[in-house]
Structures are given as structure tokens and as C-alpha cells.
Amino acid sequence: MNGAVIMESKTNKKVFWGALSAGLLALGILLVSFGLSGVAYAVPIAGVGDFYVEFDKLEGEGYKFYPKLGETSNSDATPQGTNIIEKLTIDNLQLYKDFQVGGEWIRVKIQASKPVQISGLQHDAGLIEANAKFQNLALAENNSTDWTKQFQQTSSTIILENAKLKTHYLFQETINMAGMKLTVEKIDKK
């Protein structure tokens, strides 16, 4: 064997099966609890670059907006707006992100076939296109050396229709997505 050393290793079956069982049990508990209640708690989506949120209609209460510089996948500080809504319902919600893999485009898409109920939403966007309605809308300037605190928009209610939002960060304290569907598919994007 010309001085070659043959190493033999063994997998400890007791440790392997114990770790696998614990992992499957934890995954099963997570899926069962999500499947029974349909509610996920504290759901942040960030760090995947620009992704898009589209919906037919959003009705919310307790709206607040302020400008900021936020991180994206291409920059440490890009102008954005933070939208905070205390409680809201969204009809026909679709979230998607496109990835270029080699020479092809892949879309990861999450959609809900039934109204989605959210509490504690924080959403950072670079673009919002929608038909908007507000109630008790207030725009206010504040005297501050921090430019992000110099302007603020608030309203008691907000309605957005036929919306498309270029999103950089999304967080919900709770979200109920009845009829959720996740797809990963090739798309024709030029």
C-alpha cells in the first residue's frame, strides 16, 4: 500500500438517530402548530434583496410613515420609507422574489387565497404604487437634528387598492394566512 494510511470511521448510531428524531419532532411540532392555528408569530423577512408585495386591497388601522436610510442587498444605506400599521387585512396577497440562477430566472412566490390578517406590521419600501385612501391624515414636521425624525405622516385608517410595493424589510408580530401556497418555478424574464 506504499505507506498509505487507511482511516476507518464509524457513525455513532445512537447519536445519529437521537439527533434525527429530535429534529423531526421539532419540525413536526412546528408544522402541526402552524397547520392547526394558521398563525405564525414574529415573522421577519429581510436580507434577501428587493422583493415585491402585491395585493388587491389592504384595510388597516393605526398607520404611521417616516423616511429612513436602510440596508438592501446592494447598499448599506438606500433611501426608504418605513410603514407601520397596527392592525390590517389584505385581500389576494402575493409576495415574490426573483433569483437569477445561471442563465435562468427562478421565482419564489407566497400567496394566500383568503384574506390575510396581520397585527404589528413594519414594512420598509423603496416604492409603493397604489390607489390610497386615508382617514384623519396628518403630515407633520418636527424640529430635530435627525433627518428621519423631521417628517412624519399618520392616519387613523389606510386603504390601498391595486398595490405593488418594492420591499426591503417586512416584519409582522402575527400573521394569519389561510389558504397559503408557496411555489418555486422558472419564469421568462428579459
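Biologist: Let's start with lysine 186. Which side chain meets the side chain of lysine 186 in a salt bridge, and how far apart are N and O?

Modeller: In this predicted model, the partner is glutamate 104, with 3.2 Å from N to O. A salt bridge here needs the nitrogen within 4 Å of the carboxyl oxygen, and then you ask where the two ends sit. Lysine 186 belongs to strand β8 and glutamate 104 to strand β4, so this pair ties together parts that are 82 residues apart in sequence.

Biologist: And are the two ends buried or exposed?

Modeller: Lysine 186 counts as exposed because its relative accessibility is 58%, and the cut-off for that word is over 50%. Glutamate 104, at 40%, is partly exposed.

Biologist: How many salt bridges are there in the whole structure?

Modeller: The search finds five. One of them is between arginine 107 and aspartate 98, where N to O is 2.7 Å. Look at aspartate 98 in particular: its relative accessibility is 14%, so it counts as buried, the limit being under 20%.

Biologist: Which residues are linked with Asp98 in a network of salt bridges?

Modeller: Arg107 and Lys189. When you meet a network, follow each charged side chain in turn. Another bridge in the model is the one from glutamate 59 to lysine 57, with the closest N and O atoms 3.9 Å apart. Both ends are partly exposed, because glutamate 59 has a relative accessibility of 41% and lysine 57 has 26%.

Biologist: Let's go to the strands. How many bridges join β3 to β4, and in what sense do they run?

Modeller: Start with the bridge count, then the direction. Strand β3 covers residues 94-101 and strand β4 residues 104-112; eight bridges join them, and they run antiparallel. Valine 101 stands opposite glutamate 104 of β4, and that is the glutamate that forms the salt bridge with lysine 186.

Biologist: What happens at the turn of that hairpin, and how many residues lie between the strands?

Modeller: Two residues lie between β3 and β4, and glycine 102 takes a positive phi near 65°.

Biologist: Which other strand pairs with β4, and over how many bridges?

Modeller: Strand β8, residues 180-187, pairs with β4 over eight bridges, in the antiparallel sense. To find the register, pick a partner pair: valine 108 has valine 184 of β8 as its bridge partner.

Biologist: Now a polar residue. Is glutamine 94 buried or exposed?

Modeller: Glutamine 94 is in strand β3, and it counts as buried because its relative accessible area is 16%. For a buried polar side chain, check what it pairs with. Here a polar contact of 3.0 Å joins the side chains of glutamine 94 and lysine 109. Beyond its neighbours within four places in sequence, glutamine 94 is in contact with Tyr52, Val53, Glu54, Lys109, Ile110 and Gln111.

Biologist: How should I read threonine 148, and where is it?

Modeller: Loop first, then cover, then partners. Threonine 148 is in the loop between β6 (138-141) and β7 (151-176). With 18% relative accessibility, it counts as buried because the cut-off is under 20%. Its side chain makes a polar contact of 2.8 Å with the side chain of aspartate 146. Setting aside neighbours within four places in sequence, threonine 148 is in contact with Tyr66, Pro67 and Lys68.

Biologist: Which residues does threonine 78 contact, leaving aside neighbours within four places in sequence?

Modeller: Lys68, Leu69, Gly70 and Thr72. Threonine 78 sits in strand β2, residues 78-91. Compare sequence and space for one pair: threonine 78 and lysine 68 are ten residues apart in sequence and 8.2 Å apart from C-alpha to C-alpha.

Biologist: What about the surface? Which residues form a nonpolar patch?

Modeller: Phe134, Leu137, Leu139 and Phe151, with about 360 Å² of accessible area together. Phenylalanine 134 is in strand β5, residues 116-135, and it counts as partly exposed because its relative accessibility is 33%.

Biologist: Last, the overall view. What is the secondary structure of the chain?

Modeller: One helix and eight strands, and from the N terminus on the order is α-β-β-β-β-β-β-β-β. Of the 190 residues, 28% are buried. The chain exposes about 12,600 Å², and carbon and sulfur atoms supply 55% of that. For contacts with a separation of 6 or more, 76% come from residues 24 or more positions apart.

Terms used: Residues numbered from 1 in each chain as written. Predicted model: local features only at pLDDT ≥ 70, side-chain atom pairs only at ≥ 80, totals over all residues. Heavy atoms only, no water. Pairing = 2+ DSSP bridges. Helix = DSSP H or I, 4+ residues; strand = E, 2+ residues; numbered from the N terminus. Contact = heavy atoms within 4.5 Å. Patch = residues over 30% accessible without salt bridge, like charges linked within 9 Å, V, L, I, M, F, W, Y side chains within 5 Å. Areas by Shrake-Rupley, 256 points an atom, 1.4 Å probe, with all protein chains shown as cover. Buried < 20%, exposed > 50% of the residue type's maximum accessible area, 1.4 Å probe, protein only. Polar contact = N/O pair within 3.5 Å; in protein donor to acceptor, adjacent residues only side chain to side chain.
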